[in-house]
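Reader: Please take one part of this model and go through it closely. I would like a connected account, from the strands outward.

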Amino acid sequence: MHPFSPGGKTRAMRSAETPEAAVLVRPATEDELDLLVEQTWSVAAEGRFIGAEVPFDRARRRARLGELLGAETSTVLVADTCAAGGPGVVGHLTVSVAPYGVADIGMLLQAGWRGRGIGRALLDAAIAWATSAGAHKMSLEVWPDNAAAIALYERAGFVVEGRKAKHYRRRNGELWDSILMGRPLP
Ligand SMILES: CC(C)(COP(=O)(O)OP(=O)(O)OC[C@H]1O[C@@H](n2cnc3c(N)ncnc32)[C@H](O)[C@@H]1OP(=O)(O)O)[C@@H](O)C(=O)NCCC(=O)NCCS
């Protein structure tokens with residue numbers, strides 16, 4: 001069984017920390033996809049962390065998450081705080097392995113749940129998933145001013161591999177750079 005398949009849940013936590021840092025990382029279920037879309041919407045509405053901007057097409061986003069969840073070469077992992085007395089799912093990560101062996105990831109946590117080790121738990125689970133899926137490398141893009149995300153990725157072994165200059169046109173007309181980061185897998 002895949003290490004993160006339903007029934008094969010893995011508890012990823014920083015046990016030495018406060019109880020709210022305890023989080024169960026597991027694959028999303030189909031009936032959670034609308035919630036994940038709404039959580040994506042609220043982080044996108046913050047306007048400074050992720051590529052998506054509001055308004056976006058919710059149905060299309062949901063369909064994409066469903067595709068990632070349903071395919072052999074990708075998955076959607078959620079951070080579930082239920083067991084720690086939290087409200088349930090507070091963030092998710094998508095990982096998709098390209099035919100050439102690189103696992104691309106994207107992740108977000110709800111405001112109020114950041115800085116407690118939950119991002120690290122999700123990322124560690126994604127690294128384990130991608131390794132067992134046969135990927136040889138993980139890769140991501142991040143905005144240059146996203147200090148928390150860059151710190152998380154560096155602490156997890158990612159290194160900066162490059163920068164796309166004035167690459168992404170935002171809806172307000174600004175052209176944003178992105179940082180490319182990668183991490184080899186065993
Ligand atoms: C980026 C994000 C996923 C990080 O998850 P998190 O749960 O907040 O991060 P963690 O608490 O697991 O911290 C991981 C490491 O980064 C460090 N870190 C976290 N926030 C930091 C900050 N603002 N500045 C410097 N370091 C920071 C922590 O100290 C920790 O290092 P440690 O393991 O050595 O203690 C989360 O903040 C988030 O969802 N932000 C909004 C969406 C987003 O930016 N998504 C990523 C897009 S590329």
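Author: What follows starts at one strand and works out to its partners, its salt bridges and the largest pocket. The model is predicted.

Start with strand 3, residues 74-80. Is this strand enclosed or open? Of its 7 residues, 7 are buried, so the rest of the structure largely encloses strand 3. The cut-off behind that reasoning is a relative accessible area under 20%. In a regular strand, side chains alternate between the two faces of the sheet. Strand 3 can be read in that way. Ser74, Val76, Val78 and Asp80 point one way. Thr75, Leu77 and Ala79 point the other way. Both sets are buried.

Now the partners. Strand 2 covers residues 23-27 and pairs with strand 3 in the antiparallel sense. That pairing has 4 bridges. Within it, Leu77 of strand 3 stands opposite Pro27. Strand 4, residues 89-97, also runs antiparallel to strand 3. Here 7 bridges join the two. One pair to look at is Val76 with its bridge partner in strand 4, Thr94.

Next, the charged side chains. Side chains of opposite charge can pair when their charged atoms come close. A search of the whole structure finds 12 salt bridges. Strand 3 has a place in this story through Asp80, which points the same way as Val78. Asp80 is linked with Arg26 and Glu32 in a network of salt bridges. Within that network, Arg26 and Glu32 meet through their side chains at 2.5 Å, N to O. Are these two buried or exposed? Arg26 is buried, with a relative accessible area of 10%. Glu32 is buried as well, at 13%.

A further salt bridge joins Glu30 to Arg62, with the closest N and O atoms 3.8 Å apart. Glu30 lies in the loop between strand 2 and helix 1, and Arg62 lies in helix 2, so the pair ties together parts that are 32 residues apart in sequence. Glu30 is partly exposed at 45% relative accessibility. Arg62 is partly exposed too, with a relative accessible area of 26%.

Helix 1 and helix 2 are also linked by a salt bridge. Glu38 and Arg58 meet at 2.7 Å, N to O. Glu38 is in helix 1 and Arg58 in helix 2, 20 residues apart, and the pair links distant parts of the chain. Glu38 is partly exposed, with a relative accessible area of 38%. Arg58 is partly exposed at 35%.

Stay on helix 1, residues 33-46, for Gln39. Gln39 counts as buried, at 7% relative accessibility. What does Gln39 touch, leaving out residues up to four places away in sequence? The contacts are Val89, Val90, Gly91, Leu108 and Gln110.

Last, the largest pocket. It holds about 1400 Å³ of space. Its lining has 44 residues. Ile50, Gly106, Met107, Leu108 and Tyr153 lie nearest the centre. Several elements give two or more residues to the lining, among them helix 1, helix 2 and strand 4. Strand 5 (102-109), helix 3 (118-132), strand 6 (137-142) and helix 4 (147-155) are on that list too. By class, the lining has 21 nonpolar, 12 polar and 11 charged residues. Leu108 thus appears twice in this account: Gln39 touches Leu108, and Leu108 is one of the residues nearest the pocket centre.

Definitions and conventions
Residues numbered from 1 in each chain as written. Predicted model: local features only at pLDDT ≥ 70, side-chain atom pairs only at ≥ 80, totals over all residues. Heavy atoms only, no water. Buried < 20%, exposed > 50% of the residue type's maximum accessible area, 1.4 Å probe, protein only. Pairing = 2+ DSSP bridges. Contact = heavy atoms within 4.5 Å. 1 Å grid on protein atoms, 1.4 Å probe; cavity = no way out; pocket = protein on both sides within 12 Å on 5 of 7 lines; lining within 4 Å. Points joined across faces, edges and corners; volume = space filled by probe spheres on them. Nonpolar A, V, L, I, M, F, W, Y, C, P; charged D, E, K, R; others polar. Salt bridge = Lys/Arg side-chain N within 4 Å of Asp/Glu carboxyl O.
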